[in-house]
Amino acid sequence: MAEIDKSLPNTKTEIEIPGEEEIVEAAKKLKSGKAVGGDFISNEQIKTSIHVLKSTYAKMFNIVFNEGVIPTAWVAGIIKPIFKKKGA
């Protein structure tokens, strides 16, 4: 788990935990056809299942916001270089 950096200056900005409807709206805005991450979950899968899983996502985000801990898998990425036959 990655800790949220609490050494940043306190700006007294209140961050609201997203509710179910806000999560549904964000899921609708996900771009289709993007590569999956380390969890192998595509944006299409999220968009298709959001109405069934919205309460689960809300609980999960609630825990992240309240505990101040971001799951390591959320901050990890997979980068694969693609050779384009230029600049030989």
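**A walk around the H1–H2 packing**

Start by selecting helix H1 (residues 20–28) together with helix H2 (residues 43–67): the two pack at an angle of about 140°, and their axes lie 9 Å apart. That angle makes H1 oblique to H2, the cut-off for roughly antiparallel being over 145. Bear in mind as you go that this is a predicted model. Turn the view so you look through one helix at the other, and you'll find H1 passing H2 in a right-handed crossing.

Next, show side chains where the helices touch. On the H1 side, pick Glu20, Glu21, Ile23, Val24, Ala27 and Lys28. Facing them from H2 are Ile46, Lys47, Ile50, His51, Lys54, Ser55, Tyr57, Ala58 and Phe61. Colour this contact by class and you should get 8 nonpolar, 2 polar and 5 charged residues.

Now for the charged pairs. How many salt bridges does a search of the whole structure find? There are 2, and here they are in turn.

Select Lys54 and Glu21 for one of them: their side chains meet in a salt bridge, at 3.8 Å from N to O. Lys54 sits in helix H2 and Glu21 in helix H1, so this pair ties together parts of the chain that are 33 residues apart in sequence. While Lys54 is selected, switch on a surface: Lys54 is partly exposed, with a relative accessible area of 21%, and the cut-off for buried is under 20%.

Then move along to Glu25 and Lys28. Here the closest N and O atoms are 3.4 Å apart, again a salt bridge. Unlike a link between helices, this one stays in helix H1: Glu25 and Lys28 are 3 residues apart, which means about one helical turn separates them. Glu25 counts as partly exposed too, at 40% relative accessibility. Lys28 deserves a second look, as it is also among the H1 residues that meet H2.

For the last stop, step back to Ile17, in the loop between strand E1 (2–3) and H1. What is Ile17 in contact with, leaving aside its neighbours within four places in sequence? Select Phe61, Asn62, Phe65 and Asn66 to see those partners. Phe61 should be familiar, being one of the H2 residues that meet H1. Add Val64 and draw a distance between C-alpha atoms: Ile17 and Val64 are 47 residues apart along the chain, and the separation reads 9.4 Å. Is Ile17 buried, partly exposed or exposed? Partly exposed, with a relative accessible area of 32%.

Terms used:
Residues are numbered from 1 along each chain as its sequence is written. This is a predicted model: local features need pLDDT of at least 70, side-chain atom pairs count only at pLDDT 80 or more; totals for chains, interfaces and linings use all residues. Side-chain values use heavy atoms; hydrogens and water are left out. Axes are lines fitted to C-alpha atoms, for helices over the stretch in contact, and angles run from 0 to 180 degrees between N-to-C directions. Helices (H or I, at least four residues) and strands (E, at least two) are DSSP runs, numbered from the N terminus. Angles under 35 degrees count as roughly parallel, over 145 as roughly antiparallel, 65 to 115 as roughly perpendicular and the rest as oblique. A crossing is left-handed if the near helix is turned anticlockwise from the far one by less than a right angle, and right-handed if clockwise. Contact means heavy atoms within 4.5 Å. Ala, Val, Leu, Ile, Met, Phe, Trp, Tyr, Cys and Pro count as nonpolar, Asp, Glu, Lys and Arg as charged, and the others, Gly among them, as polar. Buried means under 20% relative accessible area, exposed over 50%, partly exposed in between (1.4 Å probe, protein chains only). A salt bridge is a side-chain nitrogen of Lys or Arg within 4 Å of a carboxyl oxygen of Asp or Glu.
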